[in-house]
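These are my notebook entries on a structure that I looked up residue by residue. I record each point in the order in which I took it up.

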Amino acid sequence: GYGNEATGSYSSVSGGNSNEATGNTSSVSGGRNNVASGSESSVSGGVGNKASGSYSSVTGGWNNVASGSESSVSGGVGNKASGPYSSVTGGHGNDATGPWSSVSGGRNNEASGILSSVSGGTGNTASGYSSSVTGGYGNEATGSYSSVSGGNSNEATGWYSSVTGGQSNEASGNTSSVSGGRNNVASGPRSSVLGGSNNKATGFLSSVSGGEENKATGEAASVSGGSENTARGVSSSVSGGSQSTAYRVGSSVSGGYFNQAVGKYSSVTAGQRNQAKGKLSSVSGGWANQATHVQSSVSGGARNFANGEISTISGGVGNKAKNKFSSISG
């Protein structure tokens, strides 16, 4: 070689040109314009690489820097391992800045949290303690123990939160999760969104399984699908349909359009613009029917009103069951 310098105590340069070993017990093995300045640091080939941290190492590649104590860069271009015990394995423009952090390939990724990791992809960031991002583009895992697996522009910000694929999803509640879809948010503790678009699970243990613009806001509330449905009550549920709401504890809407389960443990099964307002009341279908008293029920028809306690209407149009135990068959 030529133009090499070994100025540190017990340092060595083995071949190549314009290489420098300035740290004590440092070494450079071939390549060009490489510098090993840290104590017991090493550079093995490549061009323009620097190992400045104590016990740091760079193995090949171009313009890589290992500045953290016991850090390492293995190949690639323009990678930096600045955190203590950090590592970068290949790729381009990756940074491992947190202690014990790692980046494995990809481009312009950063692992800044303690024990954080990024495995491939582009423009991903793992900044939370023991957080991870696996592939994708523009993903961020900022919560402690959070993870993002693929997709793009996803964020896992809560402790132990996770996002699996999709686009522009956010898991911000502790132990929350979003599994695919687009523009979904799981913000309640232990909440989940399983897919769809523009869905929100904000209540504790709430869930949305799919559909579009659905909301589960009550504790342990759930929406299984459909569009613009809301489960507000504790343990309430909407299974499908559109623009329906389950308001109170244990209430449910199974489908249809603009149905409302207002009373505790009330239910609407299908139809349009039906309301179950009484406790344990039910409407099974039809249009604009109401069951307003305790255990009252309407099975179908249109504009029927079951206002008496335990009253029933089986069908027809414009019927009213006003008294306790009253019934109209159709």
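**Entry 1: the surface patch**

Which residues form a nonpolar patch on the surface? I noted first that the model is a predicted one. I then listed the members of the patch as Tyr85, Trp100, Ile114, Leu115, Tyr129, Tyr145, Trp159 and Tyr160. Together they have about 840 Å² of accessible area.

I looked up two of the tyrosines separately. Tyr160 is placed in the loop that runs between strand S21 (155-156) and strand S22 (162-164). Tyr160 has 46% relative accessibility and therefore counts as partly exposed. Tyr145 has 35% relative accessibility, so I entered Tyr145 as partly exposed.

**Entry 2: aromatic pairs**

How many aromatic pairs are there? The count comes to six. Among them is the pair of Tyr145 and Tyr160, which is stacked, at 4.7 Å centre to centre with 5 degrees between the planes. I noted that this pair links distant parts of the chain, with its two residues 15 apart. Tyr145 belongs to the loop between strand S19 (140-141) and strand S20 (147-149), whereas Tyr160 belongs to the one between S21 and S22.

I gave a distance and an angle here because a pair of aromatic rings is described by the distance of the centres and the angle of the planes. I also recorded a cluster in which ring pairs link Tyr129, Tyr145, Trp159 and Tyr160. These four names also appear in the patch of the first entry.

Another ring drew a separate note. Arg273 lies over the face of Phe258, at 4.9 Å from the ring centre.

**Entry 3: positive phi values**

I looked up phi because most residues other than glycine have a negative value. Asn33 is not a glycine, yet its phi is positive, at about 55 degrees. I located Asn33 in the loop between strand S4 (27-29) and strand S5 (35-36). With a relative accessible area of 37%, Asn33 is partly exposed.

Phe325 likewise has a positive phi, near 65 degrees, in a residue other than glycine. The loop that holds Phe325 runs between strand S43 (320-321) and strand S44 (327-328). Is Phe325 buried or exposed? I entered Phe325 as exposed, because its relative accessibility is 56% and the cut-off for that word is over 50%.

**Entry 4: Asn17 and Gly45**

Asn17 occupies the loop between strand S2 (12-14) and strand S3 (20-21). Its relative accessibility is 17%, so Asn17 counts as buried. Beyond its neighbours within four places in sequence, I found Asn17 in contact with Tyr2, Asn4, Gly31, Arg32 and Asn33. Asn33 is the residue whose positive phi I recorded above.

Gly45 sits in the loop between strand S6 (42-44) and strand S7 (50-51). I entered Gly45 as buried, because its relative accessible area is 12%. Its contacts, again leaving aside neighbours within four places, are Ser29, Gly30, Gly31, Asn34 and Gly60. Gly31 thus appears in the contacts of both Asn17 and Gly45. I also noted the separation of Gly45 and Gly278, which is 233 residues in sequence and 79 Å in space, C-alpha to C-alpha.

**Entry 5: Ala221, Ser239 and Thr245**

Where is Ala221? I placed Ala221 in the loop between strand S29 (215-216) and strand S30 (222-223). At 0% relative accessibility, I recorded Ala221 as buried. Apart from neighbours within four places in sequence, Ala221 is in contact with Leu205, Ser206, Ser207, Ala216, Ala231, Gly233, Ser235 and Ser236. Ala221 and Glu155 lie 66 residues apart in sequence and 23 Å apart in space, C-alpha to C-alpha.

Ser239 is in the loop between strand S32 (237-238) and S33. Ser239 is partly exposed, with 39% relative accessibility. Outside its neighbours within four places, I listed its contacts as Ser224, Gly225, Val253 and Ser254. From Ser239 to Ser177 I noted 62 residues in sequence and 20 Å in space, C-alpha to C-alpha.

Thr245 is part of strand S33 (residues 245-246). Thr245 is buried, with a relative accessible area of 12%. Not counting residues up to four places away, Thr245 touches Thr230, Arg232, Val238, Val253, Asn259, Gln260 and Ala261. I closed by noting Val253, which is in contact with Ser239 and is also touched by Thr245.

How values were computed. Residues numbered from 1 in each chain as written. Predicted model: local features only at pLDDT ≥ 70, side-chain atom pairs only at ≥ 80, totals over all residues. Heavy atoms only, no water. Patch = residues over 30% accessible without salt bridge, like charges linked within 9 Å, V, L, I, M, F, W, Y side chains within 5 Å. Areas by Shrake-Rupley, 256 points an atom, 1.4 Å probe, with all protein chains shown as cover. Salt bridge = Lys/Arg side-chain N within 4 Å of Asp/Glu carboxyl O. Helix = DSSP H or I, 4+ residues; strand = E, 2+ residues; numbered from the N terminus. Buried < 20%, exposed > 50% of the residue type's maximum accessible area, 1.4 Å probe, protein only. Contact = heavy atoms within 4.5 Å. Phe/Tyr/Trp six-rings, centres within 6.5 Å; stacked < 30°, edge-to-face > 60°. Lys NZ or Arg CZ within 6 Å of the ring centre and 35° of its normal.
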